[in-house]
Amino acid sequence: IAVLGAQWPYMGLPPSKLSFMAGTGVWMALMERGPVYVKGSFQKLADGLAEELAESGGEVAYDTAVSEIMVDGDRVTGVKTEDGRELRSPVIVSNADAKLTFERLIGEDRVPPRFMKRVRRMKPSISAFMTYSACTLPLHEMGLSGEVFVYDHWDHDETWADIEAGRLGGLWLSLPTLHDRSLAPDGEHLVIFTSLMPYDIGEPWEQAKERYTEQMLARAEQVLPGYRDSITFLDSATPETFERYTLA
């Protein structure tokens, strides 16, 4: 049972806390056609959407923060950006955190109290700590899958307890160059290592980042002997990194 539920970190909760629909949704996707990757990395899909938008007369505004979602009565009318622009639209799709969207961007005084009460009851999802690296190990000769889950415990609830305590857990290695060699120069492979992680670990992430990076490298070394000495590129992302890019 533990092995069959090993992919739960994708959903951010252990099987005992996942809804049936969330847990089985991933299985349905895997069973129908098997895992599917976007050739050239997932960035290619985002690039394709941006190109289509531009060809249709739209504009993609990068590095542009929204300071307010404008409302007239019970309808949105557009957004204000931090540089003072007003962009009008009858429909707004916010990819930011729900509390930020309704409490700050719209304003809770403009949202039905019953709905705001529901939003406040929600618990934020778990975040992650990630290392991005390239290495010269011949991963294609090591019999590995494109995704490799790494566990300390058979009991997934024990793993979840580690995560909530700010310890590494819900770990998986992504090795995309096993499927698409165009993502790295000849003789190199990409190794992306993810651990679920709370946003608040009781200390500033700028102080903890180096320590967690070292822990991640040590864990990756257990799965990929020789990995640390073969690294040609390394960077890490903390929960604060994801907040900066996604407002989540």
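Which helices and strands each supply at least two residues of the lining of the second largest pocket? In this predicted model, the contributors are helix 3 (98-107), strand 4 (127-135), helix 5 (156-164), strand 7 (189-197) and helix 7 (239-246). The space in that pocket comes to about 1,100 Å³. Its lining consists of 31 residues, of which P124, S125, I126, S127 and A248 are the closest to the centre. By class, 20 of the lining residues are nonpolar, five are polar and six are charged.

The overall architecture of the protein chain comprises seven helices and eight strands. Along the principal axes, the C-alpha atoms fill a box of roughly 60 × 45 × 45 Å. The chain has 248 residues, and 35% of them count as buried. Among contacts between residues at least 6 apart in sequence, 62% join residues at least 24 apart.

Enclosed space was examined as well. One cavity of 30 Å³ or more was found. The largest cavity holds about 40 Å³ of space. Its lining is made up of V150, Y151, D152, H153, T159, D162, L168, G169, G170, L171 and R219. These residues divide into four nonpolar, four polar and three charged.

The structure holds ten aromatic pairs. In one of them, W8 and W160, the ring centres lie 6.4 Å apart and the planes meet at 70°, so the pair is edge-to-face; the cut-off for this class is an angle over 60 degrees. W8 is located in the segment before helix 1 and W160 in helix 5, so the pair ties together parts that are 152 residues apart in sequence. Both W8 and W160 are buried. The pair formed by W205 and Y212 is tilted, with 5.1 Å from centre to centre and 55° between the planes. W205 has a relative accessibility of 3% and therefore counts as buried. Y212, at 5% relative accessibility, is likewise counted as buried.

W8 and W160 also belong to one aromatic cluster, together with Y10, F149, Y151 and W172. Of these cluster members, Y151 is also found in the lining of the largest cavity, and F149 is in contact with Q7. Q7 is placed in the segment before helix 1 (20-32). Its relative accessibility is 9%, so Q7 counts as buried. With neighbours within four places in sequence left aside, the contacts of Q7 are G23, V26, W27 and F149.

The largest nonpolar core contains 22 residues, and V191, Y212 and Y227 touch the most other members. At least two residues of this core come from each of strand 4, strand 5 (147-150), strand 6 (171-174), strand 7 and helix 6 (205-223). Helix 6 provides the largest share, six residues. Apart from this core lies another, of eight residues, including I69, A96, V111 and M116. Strand 4 and strand 7, which contribute to the largest core, are also among the elements that line the second largest pocket.

Y212 thus appears both in the tilted pair with W205 and among the core members that touch the most others. Leaving aside neighbours within four places in sequence, Y212 is in contact with F129, G166, L168, M197, I201 and W205. One of these contacts, L168, is also a lining residue of the largest cavity.

Backbone geometry was considered for two residues. D63 is a residue other than glycine with a positive phi, near 50°. D63 is found in the loop between helix 2 (43-55) and strand 1 (66-72). With a relative accessible area of 85%, D63 is exposed. L247 is not a glycine either, yet its phi is positive at about 55°. L247 is placed in the segment after helix 7. Its relative accessible area is 41%, so L247 is partly exposed.

Definitions and conventions: Residues numbered from 1 in each chain as written. Predicted model: local features only at pLDDT ≥ 70, side-chain atom pairs only at ≥ 80, totals over all residues. Heavy atoms only, no water. 1 Å grid on protein atoms, 1.4 Å probe; cavity = no way out; pocket = protein on both sides within 12 Å on 5 of 7 lines; lining within 4 Å. Points joined across faces, edges and corners; volume = space filled by probe spheres on them. Helix = DSSP H or I, 4+ residues; strand = E, 2+ residues; numbered from the N terminus. Nonpolar A, V, L, I, M, F, W, Y, C, P; charged D, E, K, R; others polar. Buried < 20%, exposed > 50% of the residue type's maximum accessible area, 1.4 Å probe, protein only. Contact = heavy atoms within 4.5 Å. Phe/Tyr/Trp six-rings, centres within 6.5 Å; stacked < 30°, edge-to-face > 60°. Core = buried A, V, L, I, M, F, W, Y, C linked by side-chain atoms within 4.5 Å.
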